[in-house]
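User: Please take a close look at one part of this model, starting from a single residue, and then relate that part to the elements around it. I should like the classification of each residue to be reasoned out where a cut-off decides it.

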Amino acid sequence: MPNCKTVVPYRGTKEQEDKLRAVIAQHKGQPGATMPVLQAAQEIFGYLPEEVQIMIAEGLEIPLSEIYGVVSFYAQFTLNPKGQHQISVCLGTACYVKGAGDILEELERQLGIKSGSVTPDGKFSLDACRCIGACGLAPVMTIGNDVYGRLTKNQIGPILDKYR
């Protein structure tokens, strides 16, 4: 599998774009409008592809580089689409020491994607995070709001099967 990420084509709908334009119009000319507009855009689209960033930059009449700077700085924003089931593996100290790296590798193997990617069918996205706050259950992963702790590589397949 190559190391590069696959570029996902933009699939925004007219309805999503209309919602975004309404949000932009509501905030245009207000100081500090960038953050609330970006937050609304991510809520509408699920991520912030280049096309959405361009709409925001043009609508707020600010440079695209400023939009990208904010999007790439704050962890709450994502440039990549997320899957129907969002998997996050904790790589904080307690989890890492107890084998979270192996859990992440097993998920990558079984899903056929690298961390930070989404499966071609859009069913799963996989990310690593720094701490879930469940150190006593290390190693831990979440799938949506479901928390799985004290994981072993052998448990990954049966857990994924619940979401397939």
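Analyst: A residue is called exposed when its relative accessible area is over 50% and buried when that area is under 20%, with partly exposed in between. The model is predicted, and the values below are computed from it. With a relative accessible area of 55%, Arg150 is above the 50% cut-off and is therefore exposed.

Arg150 belongs to the loop that joins strand E5 (146–148) to helix H7 (153–161). Leaving aside neighbours within four places in sequence, Arg150 is in contact with Gly136, Leu137, Ala138, Pro139 and Gln155. For one of these, Gly136, the backbone oxygen is reached by the Arg150 side chain at 3.4 Å. The C-alpha atom of Arg150 is 43 Å from that of Ile54, a residue 96 places away along the chain.

The loop leads on to the sheet. Strand E5 is part of an open sheet of 5 strands, ordered E2-E3-E1-E4-E5 with mixed pairing. E5 and strand E2 (117–118) stand at the edges with a single partner strand each, so one side of each has no neighbour in the sheet. Strands E1 (residues 85–90) and E3 (residues 124–129) run parallel and are joined by 6 bridges. In this pair, Val89 is opposite Ala128 of E3.

Strand E4 (residues 141–143) includes Thr142. Thr142 has a relative accessible area of 14%, which is under 20%, and so Thr142 is buried. Beyond neighbours within four places in sequence, the contacts of Thr142 are Gln86, Ile87, Ser88, Ile132 and Val147.

Two helices lie across the strands. Helix H7, at the far end of the Arg150 loop, lies across E1, E3, E4 and E5 and runs at about 15° to E4. Helix H6 lies across E1, E3 and E4, and its direction is about 150° from that of E1.

Helix H6 (residues 100–111) also holds Glu106 and Arg109, which are 3 residues apart, about one turn of the helix. Their side chains meet in a salt bridge with an N to O distance of 2.7 Å. The two partners fall in opposite classes: Glu106 is buried because its relative accessibility is 11%, while Arg109 is exposed because its relative accessible area is 59%.

This pair is among the 7 salt bridges of the structure. A network of such bridges links Lys14, Glu17, Asp18 and Arg21. Within it, Glu17 and Arg21 form a salt bridge at 3.9 Å, N to O, and both lie in helix H1, 4 residues apart, about one helical turn. Arg21 also forms a salt bridge with Asp18, the closest N and O atoms being 4.0 Å apart. Asp18 and Arg21 are 3 residues apart in H1 and are therefore separated by about one helical turn. The helix geometry offers a general reason: an α-helix has 3.6 residues a turn, so residues three or four places apart point the same way. At a relative accessible area of 19%, Glu17 is under the 20% cut-off and therefore counts as buried. Arg21, at 45%, is partly exposed, and Asp18, at 37%, is also partly exposed.

Helix H1 (14–27) connects this network to the helical packing around helix H3. The buried residues of H3 pack against H1, helix H2 (34–45) and helix H4 (64–73). Those buried residues of H3 (residues 50–60) are Val52, Gln53, Met55, Ile56, Ala57, Gly59 and Leu60. Just after H3, Glu61 has a positive phi of about 55°.

The cysteines complete the account. The count of disulfides is 0. The cysteine sulfur closest to that of Cys95 belongs to Cys90 and lies 3.5 Å away; a disulfide requires sulfur atoms within 2.5 Å, so this pair is too far apart for a bond. Likewise, Cys135 is in no disulfide, and its nearest cysteine sulfur, that of Cys131, is 4.3 Å away. Cys95 is buried, with a relative accessible area of 2%, whereas Cys135 is partly exposed at 44%.

Definitions and conventions
Residues numbered from 1 in each chain as written. Predicted model: local features only at pLDDT ≥ 70, side-chain atom pairs only at ≥ 80, totals over all residues. Heavy atoms only, no water. Buried < 20%, exposed > 50% of the residue type's maximum accessible area, 1.4 Å probe, protein only. Contact = heavy atoms within 4.5 Å. Polar contact = N/O pair within 3.5 Å; in protein donor to acceptor, adjacent residues only side chain to side chain. Pairing = 2+ DSSP bridges. Axes fitted to C-alpha atoms, helices over the stretch in contact; angles between N-to-C directions.
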